[in-house]
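Work through these exercises with the sequence and the model side by side. Try each task before reading its solution.

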Amino acid sequence: MSRLTVVGAGYVGLVTVACMAELGHHIVAMDVDADKVELLRKGGVPIHEPGLTDLIAKHRERIEFTTDHAHAYRSGEFIFLCVDTPPTASGDADLSRIWQAIDNLPPDEVEHVIVTKSTVPVGTGALVKAELDQRGYRHITYASNPEFLREGTAIADFMHADRVVVGADDPAVAASVAALYQGIDSPVLTTDVASAEMIKYASNAFLATKISFINEIANVCEATGADVTVVAKGMGMDRRIGPHFLQAGIGYGGSCFPKDVSALKQLAGNSGYHFQLLNAVIEVNELQKRRVIGKLKRHLGEELRGKRISLLGLAFKPNTDDIRQASSIILASRLLAEGAHVVGFDPVATPNMRALLPAVTYAASAMEALEEADACVLVTEWSEFLELDWASVKKTMAQPIVIDGRNALDGPALAQLGFIYEGIGTRSVG
Ligand SMILES: NC(=O)c1ccc[n+]([C@@H]2O[C@H](COP(=O)([O-])OP(=O)(O)OC[C@H]3O[C@@H](n4cnc5c(N)ncnc54)[C@H](O)[C@@H]3O)[C@@H](O)[C@H]2O)c1
């Protein structure tokens with residue numbers, strides 16, 4: 001078993017800590033956020049991710065949390081970089097935290113492999129290696145090991161990954177990183193560093209493209225009378241297409257797709273290539289987040305001022321508290337700009353949203369959010385919303401209007417209860 005250092009205790013870092021400990025490794029996890037480290041030391045976990053708290057607790061004796069980077073770096077044979085790489089104003093990836101981590105490497109002659117899990121533009125590994133060589137750090141080798149987990153199912157995704165990608169120029173380094181994953185039943189693809197970096201961007205950009213494509217089909221379905229849920233089913237039965245990522249809705253969000261699509265577009269542009277398709281993918285997604293406003297106006301009239309609109313779900317997807325780039329942010333902001341009274345509820349993401357958008361009223365439960373509402377928008381398909389007692393909801397709302405931004409509710413059943421129901425790319429009923 002190996003000694004690993006994990007730099008950055010966020011969504012990817014903590015899942016890596018827990019799952020690598022499950023595989024038997026000893027971990028020192030380091031973060032610059034002292035409050036986060038303090039909480040982790042006390043047994044708390046700063047994010048909502050199913051199963052994570054228990055898995056960290058199970059292996060607590062093999063995991064150390066620290067803010068001391070010199071100690072952390074000296075401890076690990078492998079140093080996993082899991083720091084955030086957020087978008088800059090230009091849409092490029094901000095690599096300042098990666099460089100901060102590299103700058104903090106102690107000048108000891110201890111052998112390490114730096115393993116980058118953060119999503120970084122193609123060419124970053126080569127730059128890091130050149131910097132290490134220039135500093136004379138020949139004892140430090142480098143591998144790219146992009147992460148594909150999804151928030152909400154991150155532990156299962158890590159332990160049963162579709163593939164583990166390891167990019168390294170030295171086959172022995174690639175083999176040593178691949179060996180860390182022994183115990184999970186996933187195929188390992190070893191590549192050069194640049195290709196590993198591109199696999200991550202290309203995968204996310206392709207999935208985002210699939211989502212924007214089906215959303216455009218949904219919009220055409222609305223104009224022509226077809227039903228996108230049936231269309232997607234029929235398309236997905238074709239094995240060349242597959243059924244995944246064909247759920248029409250109010251656009252993708254989260255900490256990865258928007259920033260990675262934009263970073264790939266910038267990367268192409270910086271390299272002299274105009275990636276036209278990605279421009280459309282981004283634009284379609286931005287417009288899709290706003291389409292709900294038009295639907296609300298169709299039912300409530302052009303004047304949304306003073307209307308009470310209830311948003312069910314604020315996280316960018318169910319089972320996470322992450323609101324980065326969530327569709328709820330654009331939707332709530334647009335509604336506030338129209339003068340509507342926005343009441344939001346999310347099972348776990350409310351505190352994050354409250355800090356970002358204090359002008360929204362936050363309810364303590366879904367039923368409270370729905371009281372006297374003129375319309376309700378399902379923004380995030382948490383299961384508790386699907387299981388609501390909709391007959392009681394009908395009684396509590398001022399007007400029985402439901403816009404289903406995820407096509408997750410049973411429209412005909414709601415119509416039978418007396419609701420006016422409208423999904424995305426489906427026929428409205430009621
Ligand atoms: N969240 C996901 O679903 C996901 C999935 C796959 C890949 N990724 C990629 O993984 C990377 C991390 O994403 P995340 O969502 O875990 O980010 P995050 O913001 O949740 O966590 C990043 C952590 O790094 C810490 N940090 C920043 N600079 C540091 C430094 N110099 N030293 C030590 N710690 C430092 C921050 O305090 C924070 O706790 C990103 O590049 C992201 O694109 C994320």
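A crossing of two helices is left-handed if the near helix is turned anticlockwise from the far one by less than a right angle, and right-handed if clockwise. Helices (H or I, at least four residues) and strands (E, at least two) are DSSP runs, numbered from the N terminus. The model is predicted: local features need pLDDT of at least 70, side-chain atom pairs count only at pLDDT 80 or more, and totals for chains, interfaces and linings use all residues. Residues are numbered from 1 along each chain as its sequence is written, and side-chain values use heavy atoms, with hydrogens and water left out.

**Exercise 1. Describe how α12 and α13 pack.**

Step 1. Locate the helices: α12 covers residues 276–300 and α13 covers residues 327–337.

Step 2. Take the geometry. The two axes are 9 Å apart and the packing angle is about 45°. Axes are lines fitted to C-alpha atoms, for helices over the stretch in contact, and angles run from 0 to 180 degrees between N-to-C directions.

Step 3. Classify the angle. Under 35 degrees counts as roughly parallel, over 145 as roughly antiparallel, 65 to 115 as roughly perpendicular and the rest as oblique. The pair α12 and α13 is therefore oblique.

Step 4. Assign the hand. The crossing of α12 past α13 is right-handed.

Step 5. List the contacts (heavy atoms within 4.5 Å). From α12 come E286, K289, R290, V292, I293 and L296; from α13 come S327, I330, L331, R334 and L335. By class, six residues of this contact are nonpolar, one is polar and four are charged. Here Ala, Val, Leu, Ile, Met, Phe, Trp, Tyr, Cys and Pro count as nonpolar, Asp, Glu, Lys and Arg as charged, and the others, Gly among them, as polar.

**Exercise 2. Lay out the open sheet of six strands and place the two helices on it.**

Step 1. Write the strand order: β11-β10-β9-β12-β13-β14, with parallel pairing. Two strands pair if DSSP finds at least two bridges between them.

Step 2. Find the edges. β11 (361–362) and β14 (420–422) each have a single partner strand, so one side of each lacks a neighbour in the sheet.

Step 3. Add the helices. α12 packs on the sheet and touches β9, β12, β13 (401–404) and β14. The direction of α12 makes about 160° with that of β13. α13 lies across β9, β10 and β12, and runs at about 175° to β9.

Step 4. Examine β9 (residues 308–312). β9 pairs with β10 in the parallel sense over five bridges. Four bridges join β9 to β12 (residues 375–378), also parallel.

Step 5. Follow one residue across. S310 faces V343 in β10. In β12, C376 stands opposite S310.

Step 6. Check the cover of β10 (residues 341–345). Four of the five residues in β10 are buried. Buried means under 20% relative accessible area, exposed over 50%, partly exposed in between (1.4 Å probe, protein chains only).

**Exercise 3. Which residues does I401 contact beyond its neighbours within four places in sequence?**

Step 1. Place the residue: I401 lies in strand β13.

Step 2. Read the accessibility. I401 has 3%, so I401 counts as buried.

Step 3. Name the partners: H299, L300, D374, A375, C376, F419 and I420.

Step 4. Compare sequence and space. I401 and V377 are 24 residues apart in sequence, and their C-alpha atoms are 8.6 Å apart.

**Exercise 4. Is T350 buried or exposed, and what does T350 contact?**

Step 1. T350 lies in helix α14 (residues 350–356).

Step 2. The relative accessibility of T350 is 9%, so T350 counts as buried.

Step 3. Leaving aside neighbours within four places in sequence, T350 contacts L314, F345 and Y362.

**Exercise 5. Characterise two non-glycine residues with positive phi, N319 and E372.**

Step 1. Take N319. Phi is about 70°. N319 sits in the loop between β9 and α13. With a relative accessible area of 34%, N319 is partly exposed.

Step 2. Take E372. Phi is near 60°. E372 sits in the loop between α15 (366–370) and β12. At 52% relative accessibility, E372 counts as exposed.

**Exercise 6. How many bridges pair β1 with β2?**

Step 1. β1 (residues 3–7) and β2 (residues 26–30) pair in the parallel sense over five bridges.

Step 2. Take one bridge: V6 is partnered with A29 in β2.

Step 3. Check the cover: four of the five residues of β1 are buried.
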